[in-house]
Amino acid sequence: MGIDKKPLAITMGDPSGIGPEIVVKTLVDRVVDRPVVVIGDPAVIERAIDITGAALSCRILDRLGDFDDAGIGTTIDILPAVDMSEPPKFGVVSAASGKAAYDAVIAAIDLAKTGEIAGIVTAPLHKEAMSAAGIRYPGHTEVLADKGGAERVAMMLANDELRTVLVTIHCSLRDAIERADFDAQLAAIRLAHEGCLALGIEKPRIAVAGLNPHAGEGGLFGQEEIEIISPAIRAAVAENMDVTGPWPGDTVFMQARQGRFDIVVAQYHDQGLIPVKYMGIEKGVNVTLGLPFIRTSPDHGTAFDIAGTGTADAESLRTALRYAARMADARVL
Amino acid sequence: MTPRITLLLGDRNGIGPELIARLLADPKTADSATVEVLGDPAVLDQGIAAAGVSPDPNGFSVTPFTPIEIIETTPGMPTEAAGREMLAMLAEGTRRVLDGKSDGVVFGPLNKEAMHKGGLTHEDEMRYLADVLDFHGTVGELNVLGGLWTTRVTSHIPLKHVADHITVDSVYDATLFAHRTLASAGFDRPRIAVAALNPHAGDGGNFGMEEIEVIAPAVEKAKAQQLAVEGPYPSDTVFVRARNGDFDAVVTMYHDQGQIAMKLMGFAEGVTVLGGLPVPVTTCGHGTGYDIVGQGAAKPGSITNAFAICTAMARARNAEAAA
């Protein structure tokens, strides 16, 4: 089967959180048709196997390669990137955990940059733990963009029914309106286009949401649609992309869900996140666009409150792994 | 006392008459209220024919109301005459409640263009009705879907003006208004969530200060009035929680915030409540469906829900009057 394909890497995430548990739960079945290697601390993964009661054993790799079909569903292949001496306590912020999670991500980035792996799926890390370890990045995306050498990255949020790319992300609504200029619109449209191609969608139908109620109602409720968004759409159409809009924000997601569009470019965080979360928070996945390699992640955090109980739901990480595999297949990696 | 509900056919050129016909054909309608149809009997007959239903004539009464001498039905067309008829019908229906002849009004979809042609000078039918009824208090539209009510602090304004309109007073007023309207629909102590303005509810001030400086103080002010209010909550999860039954109402900060979620929940079933008026008035969340008029394809989910909510409001109003 897919044993000759390049492996996907899953980073273990913050070892005080649910990351290792959901990694183990994900790998009890054959989720994707290619090898999967876990990057992290073997002792942390061993503990997660105990907690979840999974019928899996660890196989520690010295290097990538030597995957074998027989191991899928019975062994977890681990590439040790971290040695914590002993697994940390659950549910508390610790510098050691922050550093371990970060080191695993860095190891994965190195493998992705040299082309040894097809892509990275990241289990959740904790930004305060990283900060406690003196690591200045606020999250995964910034680490990946910086170490991966990307100029402009964007998040694509996807679930089974809907995909969306945000023009602006983590800023106040006031700032979002300021930042959603022509360049930001066009960049988001291009990344949406590339993101769909990466998922194997051949001629992506891109819808751009308006900013104002009723997409401005012809200028009555705001000028941004006329002055900024429409010109950016025209520029994208001139680049041979199938882009329409600006569509009213309150109906465009419904239309996308009905299959009329492959992706929606949302103007601000909540415009895209309300529909994505409403339609299935547990199955949401983040895809980072603009990196020189594939990266996906689940749409949730470290869940310190339930870490170590073995109850965490792995569905989002499984979906993230599936998306990564789909993108790797589309690129024939 | 069984509430008396007046049904208005809405725009005669839209799907309103068919929807009212379907509502009348539903045996549950006559069980929950004493129903009268106010309007042109010929238009009701057209609606019954289009819907292909045969409502029990004992289940409702017809109060003929033909304010315009000669009026043609022109399906799918917004006409001046139909607009005048809609305005007259709304005024007459609601006045009947104030006169003690009815307890609430449900109307079929209206067409704004036709009403403007017919002489509407107000922003919408809600302001028109407030004027007709000589009512000067706060009015506001609420959307109801699947048991969840939403109202908003700002509505049809550019998004860049929204933050300037989010004040302690405006958020508090919208919250109090939501509380009172739900109470008027029979909720004992409605559980209200107030949505945040910024992503992650401002992330402790990293993504905007409005939650800390404005919305939280408004929520505290409402709590001090013994209202069951919580928030501000991130808007991308507040609707998920509401769907799970945590809240009866969500107060939203801007138009799309509530509308995105409501439309995903099921656009076709939504109800609009004209809140604040001295008369219970509800209608469909959808429009006149000009493209499907007369085909019998229009679904009655929304009008049925509008009727149920109006009936609950009328019952609560009667109970209050009796107390």
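Helices, as H or I runs of at least four residues, and strands, as E runs of at least two, are taken from DSSP and numbered from the N terminus. The close-up views below all show a predicted model.

**Cis peptide bond at Pro232(B), in strand 8 of chain B**. Pro232(B) belongs to strand 8 of chain B, which covers residues 228-233, and the peptide bond that leads into this proline from Gly231(B) is cis, with omega near -5°. Most peptide bonds, by contrast, are trans.

**Cis peptide bond at Pro246(A), in strand 9 of chain A**. In chain A, the bond that joins Gly245(A) to Pro246(A) is cis, and its omega is near -5°. Pro246(A) sits within strand 9, made up of residues 242-247 of chain A.

**Positive phi at Ser85(A) and at Glu217(A), in two loops of chain A**. Most residues other than glycine have a negative phi, whereas Ser85(A) has a positive phi, near 65°, and Glu217(A) has a positive phi near 45°. Ser85(A) is placed in the loop that runs between strand 4 (75-80) and helix 3 (95-113) of chain A, where it counts as exposed because its relative accessibility, 69%, is over 50%. Glu217(A) is found in the loop between strand 8 (205-209) and helix 8 (224-238) of chain A, and with a relative accessible area of 40% this residue is partly exposed.

**Asn13(B), a buried loop residue of chain B**. The loop that holds Asn13(B) connects strand 1 (4-8) to helix 1 (16-25) of chain B. Asn13(B) has a relative accessible area of 0%, under the 20% limit, and is therefore classed as buried. A polar atom of the Asn13(B) side chain lies 3.0 Å from the backbone oxygen of Met77(B). Leaving aside residues up to four places away in sequence, Asn13(B) also touches other residues, among them Glu72(B), Thr73(B), Thr74(B), Pro75(B) and Gly76(B), and its contacts further include Thr79(B), Ala82(B), Tyr290(B) and Val293(B).

**Glu69(B), an exposed loop residue of chain B**. Glu69(B) is part of the loop between strand 3 (60-64) and helix 4 (80-98) of chain B. Its relative accessible area is 82%, so Glu69(B) counts as exposed, for which a value over 50% is needed. From Glu69(B) to Ala81(B) the C-alpha to C-alpha distance is 9.6 Å, and the two are twelve residues apart in sequence.

**The second largest cavity, lined by residues of chains A and B**. Rolling a probe the size of a water molecule over the atoms shows where empty space is left. In the whole structure, five cavities of 30 Å³ or more are found, and the second largest holds about 50 Å³ of space. Its lining includes Thr168(A), Ile169(A), Cys171(A), Leu173(A), Ala176(A), Tyr268(A), His269(A) and Asp270(A) from chain A, together with Leu197(B), Pro199(B) and Tyr254(B) from chain B. Helix 6 (173-179) and helix 10 (269-278) of chain A are the elements that give two or more residues to this lining. Sorted by class, the lining residues of the second largest cavity are eight nonpolar, two polar and one charged.

**Domain 1 and domain 2 of chain A**. The domain assignment of chain A gives domain 1 as residues 1-150 + 291-333 and domain 2 as residues 152-289. The centres of the two domains, taken over C-alpha atoms, are 29 Å apart. Where the domains meet, 18 residues of domain 1 of chain A are in contact with 24 residues of domain 2 of chain A.

Note on methods: Residues are numbered from 1 along each chain as its sequence is written. Chains are lettered from A and ligands numbered from 1 in the order in which they are written. This is a predicted model: local features need pLDDT of at least 70, side-chain atom pairs count only at pLDDT 80 or more; totals for chains, interfaces and linings use all residues. Side-chain values use heavy atoms; hydrogens and water are left out. Buried means under 20% relative accessible area, exposed over 50%, partly exposed in between (1.4 Å probe, protein chains only). A polar contact is a pair of N or O atoms within 3.5 Å; within protein, one must be able to donate a hydrogen and the other to accept it, and residues adjacent in sequence count only if both atoms are side-chain atoms. Contact means heavy atoms within 4.5 Å. On a 1 Å grid over the protein atoms alone, a cavity is a set of points where a 1.4 Å probe fits but cannot get out, and a pocket is an open set with protein on both sides within 12 Å along at least five of seven lines; lining residues have an atom within 4 Å of a point. Grid points are joined across faces, edges and corners, and a volume is the space filled by probe spheres set on the points. Ala, Val, Leu, Ile, Met, Phe, Trp, Tyr, Cys and Pro count as nonpolar, Asp, Glu, Lys and Arg as charged, and the others, Gly among them, as polar. Domain bounds come from an automatic or database domain assignment.
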